[in-house]
Amino acid sequence: MTRRYFVPELSPTGGPLGLPADEAAHAARVMRATPGDRVVLFCGDGREAEAEITSVDKRHVFVLAEPPRNVDRELPFPLSVAASLPKADRARVLVEKLTELGVTQLQPLVCQRTQLAPSPAAIAKLRRAVVEASKQCGRNRLMQIGEATSFSQYLHQTDPDAASLIAHPDGHSLAVTLKSSGGDDGHSPVQIAVGPEGGFTDAEVEQAVETGWQRITLGPRILRIETAATAIVARIVLA
Ligand code: SAM
């Protein structure tokens, strides 16, 4: 497998460049990169560039890059997930899985029963996890993670044309709702909301339904946040 490295800015003409410090340390110490190795650079906006490593020391790795080109490994429709994030290690797993499955945006929610809103530092770590997962899965466009926002505020800024599904144990069949809302047609935008460990309150569910969201169930067992979000996304993406 070709090694991929994240370089936030790629020149349209290619040329020599140094990998950012954290990528250089990873390439040199973990991947044991050596001059002559072929690698792929990506910058998160959909482009990637072939490159050859030209020199390596403990902290610096220089490469000669070819001109970048657009390589699209995205879903054919926007798919966003809004979720009250679980604790750090499980939030990281959630971010990895959603990145691999092609989710466009993850919106951290602060719901009435959310125990701890994620700090800006915690969100910055999760954005770094998006880069790591994108290196592994070949995505060239980074999944966006927004700043934490209240659920009621979020409902005011969602896409009115998207199929809007709120996961609630007391909901309707996911398959039937996807079909009736156009969420399984392969091109309509889809947005999904997943609640905190204590669940959405009745008032939150009512507010969502009033703004056009549809309640969906994932069966009789209660799933953890990251399982619920990943299961819905997998059902939509792999249909
Ligand atoms: N006791 C909470 C309740 O009754 O909602 C369980 C919360 S669950 C740990 C966290 C979130 O995952 C829920 O708010 C919901 O969005 C989603 N979820 C978990 N299991 C689900 C299921 N079987 N059907 C629909 N949504 C589910």
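This is a short talk on how two domains of one chain meet, with a look at its aromatic pairs.

Keep in mind that the model is predicted. The domain assignment splits the chain in two. Domain 1 covers 3–70, and domain 2 covers 79–238. Their centres, taken over C-alpha atoms, are 33 Å apart.

Now the interface. How many residues are in contact? On the domain 1 side there are 12, and on the domain 2 side 10. The size of an interface is often quoted as the accessible area lost when the parts come together. Here the buried area is about 910 Å². Carbon and sulfur atoms give 47% of that.

Next, the polar side of things. The rule finds 3 salt bridges across the interface of domain 1 and domain 2. It also finds 13 residue pairs in polar contact there, both residues at pLDDT 80 or more. Which elements of domain 1 touch domain 2? β1 (3–6), α1 (21–30) and β4 (47–56) each supply at least two residues of that side. By class, the residues of this side of domain 1 come out as 6 charged, 3 polar and 3 nonpolar.

One salt bridge to look at on screen: K135 with E23. Their side chains meet at 2.9 Å, N to O.

Last, the aromatics. The rule counts 4 aromatic pairs. Take F151 and Y154. Why is this pair called stacked? The ring centres are 6.4 Å apart and the planes sit at 25°, so the pair is stacked. Both residues belong to helix α4 (residues 151–156). They are 3 residues apart in that helix, so about one helical turn separates them.

How values were computed: Residues are numbered from 1 along each chain as its sequence is written. This is a predicted model: local features need pLDDT of at least 70, side-chain atom pairs count only at pLDDT 80 or more; totals for chains, interfaces and linings use all residues. Side-chain values use heavy atoms; hydrogens and water are left out. Domain bounds come from an automatic or database domain assignment. Contact means heavy atoms within 4.5 Å. Buried area is the accessible area (1.4 Å probe) that two parts lose on being put together, summed over both. A salt bridge is a side-chain nitrogen of Lys or Arg within 4 Å of a carboxyl oxygen of Asp or Glu. A polar contact is a pair of N or O atoms within 3.5 Å; within protein, one must be able to donate a hydrogen and the other to accept it, and residues adjacent in sequence count only if both atoms are side-chain atoms. Helices (H or I, at least four residues) and strands (E, at least two) are DSSP runs, numbered from the N terminus. Ala, Val, Leu, Ile, Met, Phe, Trp, Tyr, Cys and Pro count as nonpolar, Asp, Glu, Lys and Arg as charged, and the others, Gly among them, as polar. Rings of Phe, Tyr and Trp (its six-membered ring) pair if their centres lie within 6.5 Å; planes under 30 degrees apart count as stacked, over 60 as edge-to-face and the rest as tilted.
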